[in-house]
Structure formats: C-alpha cells, structure tokens
Amino acid sequence: GDPGLPELHGREARARLAWRYDGQDSAVVPSSGLRAGTTIDYIAESPDPPPGTATDRLNDGITQLDINGSQVWSVRRNDRVFLTGGVGTTWGHPLANEQFHLGAPLRLGAFDVGALRGDHYAVIAAGYLRGIGRLPDFLGGPIFLGGWLESGSAFDDLDDATVKTNLSVGAIAETLVGPVLLGGSFDLGGAWRYYIGIGRLF
C-alpha cells in the first residue's frame, strides 16, 4: 500500500459471502463466454487508526458490495471482442485501506495501483484483440495484439465523481509461466503507464 498511510495494529473480524460464475473456455484469452462475480463483505471489528490521526472514518461495522464480470466473443476465427467492468458500493465510511481502488490493466491502467480510491467505484472497458500467431507448443500458445478503451471513477460521493478515460494497447501471450501481458495505458488527462504482467487478465 501507500507508505504514507498510517500502520494499523489489532484484531479484525469479518464475514464474506461470494458468488462466482465462470462460463469462459480459457483462463488466458477465452474464445467466448461470461465470467461474473459478486462479493458482500461485512467488517464487524477492525483496528482503529493510530492515536492522533485526524479522521472521522472507521472500518468497524461497514458493508461492501462488489459486482464484476467480463464477456468475450469470437470474431472471424482468431480475433476477440471483449467487454469487462465492475461496480462497488460501501455502506459506511471506511479508512483508505478498505476503500475500493482503481489503477490496473482494464481498471484505468494509466494510473498507479491505488492512485484512485473511494467508498464507491464504477469502471468499464471494451476492446478488440487480434490473433497474430502462436508460440511453439513447447513454449506456450496463442499471441494477441489489441487495444481497448477504459472509463470509470472511484469516489466518495456521486456528486464529486470525476470520470477518467484511458486508451490502452498491449500484447498477450500464453506461455509456460502463465499468461503474459505487455501493455501501456494513456489517460486523456495526460497520465500514462506501461506494465508487464503475469497472470489471468479476464
């Protein structure tokens, strides 16, 4: 997390209810299918901020709802069109460590992780991936080049929400070490970031 945030020490008790559906046919770049998830979190008890911290926020007794998903369609034979997004809301006013945050591929990737935080969030991304070939079978699988548009916001009050829009490009390959993403994102307001990632994208 942000090294400027205060450290928290103490007991935490929470309950979580999660539902997940995965109808996609690949963990890397599916050819089709829907993947969706819903999580409800209730924090019954959480460490208090350090003495002297000026805040009216507490994590005790808050409830959060997070809904997210992605849909992929095949175009022609090797190309893909995708739509992904999520929404989340909080009942209560949590400390920064329990707020929703944006700043990752398909979640306003032009910003650092956690650069955009809020009690609520909404984000959506849509894009196109073109299959350009594949690695040798002993090294991995298909390789895709693509571009996508991301738009969303993290905010405490809807009236104060500022929608950010990013344009992203990248290459995705299925390799022996897992799915690898090389990409870059550019915000219409001037922010930009490039990234190298290993792990599930959708």
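Where is Phe-138 found, relative to strand S7 and strand S8? In this predicted model, Phe-138 belongs to the loop that runs between strand S7 (120–134) and strand S8 (140–155). This report begins with that residue and its surroundings, and then turns to aromatic pairs, a buried acidic residue and the salt bridges.

**The surface around Phe-138**

Phe-138 has a relative accessible area of 61% and is therefore classed as exposed, since the cut-off for that class is over 50%. The residue is part of a nonpolar surface patch, whose other members are Leu-139, Leu-176, Val-177 and Ile-198. Together, the five residues of this patch have about 570 Å² of accessible area. Two of the members, Phe-138 and Leu-176, are 38 residues apart along the chain, and their C-alpha atoms are separated by 7.9 Å.

**Aromatic pairs**

Two aromatic pairs are found when the whole structure is searched. In the pair of Phe-100 and Tyr-121, the ring centres are 5.1 Å apart and the planes stand at 50°, so the arrangement is tilted. Phe-100 lies in strand S5 (residues 100–102) and Tyr-121 in strand S7, so this pair ties together parts that are 21 residues apart in sequence. Both Phe-100 and Tyr-121 are buried.

**Glu-150, a buried acidic residue**

Strand S8, which follows the loop of Phe-138, contains Glu-150. Is Glu-150 buried or exposed? Glu-150 is buried, and it has no salt bridge. The nearest side chain of opposite charge is that of Arg-193, at a distance of 8.1 Å. A salt bridge requires a nitrogen and an oxygen within 4 Å, so a separation of 8.1 Å does not qualify. The side chain of Glu-150 nevertheless takes part in polar contacts. One of them, of 2.9 Å, is made with the side chain of Trp-148. Another, of 2.4 Å, joins Glu-150 to the side chain of Ser-168.

**Salt bridges**

How many salt bridges does a search of the whole structure find? The search finds twelve. The table lists some of them, with the N to O distance of each.

| Acidic residue | Basic residue | Distance (N to O) |
|---|---|---|
| Glu-12 | Arg-14 | 3.4 Å |
| Asp-22 | Arg-35 | 3.5 Å |
| Asp-79 | Arg-76 | 4.0 Å |

In the bridge between Glu-12 and Arg-14, Glu-12 is partly exposed with a relative accessible area of 41%. Its partner Arg-14 is also partly exposed, at 32% relative accessibility.

The bridge between Asp-22 and Arg-35 connects two strands. Asp-22 lies in strand S1 (residues 13–22) and Arg-35 in strand S2 (residues 33–45), so the pair ties together parts that are 13 residues apart in sequence. Asp-22 is partly exposed at 42% relative accessibility, and Arg-35 is partly exposed with a relative accessible area of 28%.

In the bridge between Asp-79 and Arg-76, the partners fall into opposite classes. Asp-79 has a relative accessible area of 4% and is therefore buried, the cut-off being under 20%. Arg-76, in contrast, counts as exposed at 70% relative accessibility.

Some of the salt bridges share partners. Bridges of this kind join Glu-12, Arg-14, Arg-16, Asp-41 and Glu-98 into one network. The pair of Glu-12 and Arg-14 in the table thus belongs to this network.

How values were computed. Residues are numbered from 1 along each chain as its sequence is written. This is a predicted model: local features need pLDDT of at least 70, side-chain atom pairs count only at pLDDT 80 or more; totals for chains, interfaces and linings use all residues. Side-chain values use heavy atoms; hydrogens and water are left out. Patches are made of residues with over 30% relative accessible area and no salt bridge: like charges are joined within 9 Å, nonpolar side chains (Val, Leu, Ile, Met, Phe, Trp, Tyr) within 5 Å. Accessible areas come from the Shrake-Rupley method with a 1.4 Å probe; for residues, only the protein chains shown count as cover. Helices (H or I, at least four residues) and strands (E, at least two) are DSSP runs, numbered from the N terminus. Rings of Phe, Tyr and Trp (its six-membered ring) pair if their centres lie within 6.5 Å; planes under 30 degrees apart count as stacked, over 60 as edge-to-face and the rest as tilted. Buried means under 20% relative accessible area, exposed over 50%, partly exposed in between (1.4 Å probe, protein chains only). Lys and Arg count as positive and Asp and Glu as negative; His and the chain ends are not counted. A polar contact is a pair of N or O atoms within 3.5 Å; within protein, one must be able to donate a hydrogen and the other to accept it, and residues adjacent in sequence count only if both atoms are side-chain atoms.
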